[in-house]
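Hi,

Here is the structure I said I'd pass on. Have a look at it first, and my notes follow underneath.

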Amino acid sequence: MKYYIIAGEASGDLHGSNLMKELLKKDAAADIRFWGGDLMKNVGGTLVSHYKERAFMGFFEVLKNLSKVLGFIKDCKKDIEKFNPDVIVFIDNSGFNLRVAKWAKEKGFKTNYYISPQVWASRASRVKDIKRDVDQLFVILPFEKEFYKKYDYDVTFVGHPLIDAIANRKRVSESDFRKEHNLSDKKIVALLPGSRKQEITKMLSVMLSLVSDFSEYQFVIAGAPSQDFSFYQQIIQDREVAFINNKTYDLLSNSYAALVASGTATLETALFKVPQVVCYKGGYISYQIAKRIITLKFISLVNLIMDKEVVTELIQENFNKKNLKKELNLILQEASREQMFLNYFELEKKLGGQGASKNVATAIVNSLR
């Protein structure tokens, strides 16, 4: 069968690559064409467009680059028509994917969506469009099935793909990790400032402002595969901090604490059982718009899934050196850490076990028979 997969960022590339592996197990002759990244490319198939070309963050940034975005959508539609797939699989990236899904459904293509758009966070009116344009929706958060039930839309909870990604990774011993990256024997505080230039620029400098106050710890930046070291160097300057690119899981598995940009990384950090402070700072206009349309109590996936404050969230003006220093001090203390660990174990139970990618691949292949 012919599969067309569209992923739009680093996390989508990760989940897309694992889905492709499972599809190839069930359909060895699968012809896969995709928009994604290096991880998907390494599995096989044909890469049409790399997500690095489309990494725009926030309402204002997307608006500024609207002509580019529309050009990508047009190119995608043309490429789909030329390839004529048996099924299109959209992965997250709702701003782009929902537009293509509407067109694809009208053209008669079979449409599957893996990782639901966050309609439960804002603009729930989009559910009507998703029901119309998506034949099968696979959700990864336990509360999403109930959310869609309110709209008479039967979706499939498949478990969270991060469980698989973490379980299947190649493990590196702490001694080998420290030796490979020339790290001291100090406890590590991981800095995860995000993957897009806008968020890294706004958050990394505040995170780095703590380095001199915690000299007994080794601060290590998790570099995103989408950015070059030269970009980070402009922000790091002469601070004593280590930088490790594209090895976030190795870093988290050897970290004592972490400062993490809001997003998928907050959940990854929790699954590695690393106490964390969640950070967010967006552009002024984008933030003001988001504040008015997002209806959630929390911004981190950890707190949303648990429906309570498990990890502290420092948002916009509250994300500053004073608050960050206070919260980092707290998660370095044993009492705070023990409570967070208990919550993390409960969180993992809620997410279900391994097998998300396999579950999705099975459902897709069976629907084509």
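Which residues in α13 are buried? Before the reply, one caveat: this is a predicted model. The buried residues in α13 are A265, T266, L267, E268, T269, A270 and L271. That is seven of the eight residues of the helix, so α13 is largely enclosed by the rest of the structure. Just after α13 comes K273, which has a positive phi, near 60 degrees.

One neighbour of that helix is worth pulling up on screen. The axes of α13 (residues 264-271) and α17 (residues 334-350) come within 9 Å and cross at roughly 110 degrees. That makes the two helices roughly perpendicular, because angles of 65 to 115 degrees are put in that class. On the α13 side the contact is made by L267, T269, A270 and L271, and on the α17 side by Y344, L347 and E348. Sorted by character, the residues of this contact are five nonpolar, one polar and one charged.

Now the sheet. It is open, has seven strands and runs in the order β3-β2-β1-β4-β5-β6-β7, with parallel pairing. β3 (46-50) and β7 (156-157) are at the edges with a single partner strand each, so one side of each has no neighbour in the sheet. At the β7 end, β6 (residues 136-139) pairs with β7 in the parallel sense over two bridges. If you want a spot to zoom in on there, F138 stands opposite T156 in β7.

Two helices to check against the sheet:

- α18 (residues 356-367) packs on the sheet and touches β1, β4, β5 and β6, with its direction at about 170 degrees to that of β6.
- α5 (residues 94-106) lies across β1 (2-7), β2 (31-36), β4 (87-91) and β5 (111-114), and runs at about 165 degrees to β5.

Last, a residue I'd click on: N112, which is found in strand β5. Is N112 buried or exposed? N112 is buried, with a relative accessible area of 0%. Leaving out residues up to four places away in sequence, N112 touches V87, I88, V89, F90, V134, D135, Q136, F138 and I364. Among these contacts of N112 is F138, the residue that stands opposite T156.

Cheers

Definitions and conventions. Residues are numbered from 1 along each chain as its sequence is written. This is a predicted model: local features need pLDDT of at least 70, side-chain atom pairs count only at pLDDT 80 or more; totals for chains, interfaces and linings use all residues. Side-chain values use heavy atoms; hydrogens and water are left out. Two strands pair if DSSP finds at least two bridges between them. Helices (H or I, at least four residues) and strands (E, at least two) are DSSP runs, numbered from the N terminus. Contact means heavy atoms within 4.5 Å. Axes are lines fitted to C-alpha atoms, for helices over the stretch in contact, and angles run from 0 to 180 degrees between N-to-C directions. Angles under 35 degrees count as roughly parallel, over 145 as roughly antiparallel, 65 to 115 as roughly perpendicular and the rest as oblique. Ala, Val, Leu, Ile, Met, Phe, Trp, Tyr, Cys and Pro count as nonpolar, Asp, Glu, Lys and Arg as charged, and the others, Gly among them, as polar. Buried means under 20% relative accessible area, exposed over 50%, partly exposed in between (1.4 Å probe, protein chains only).
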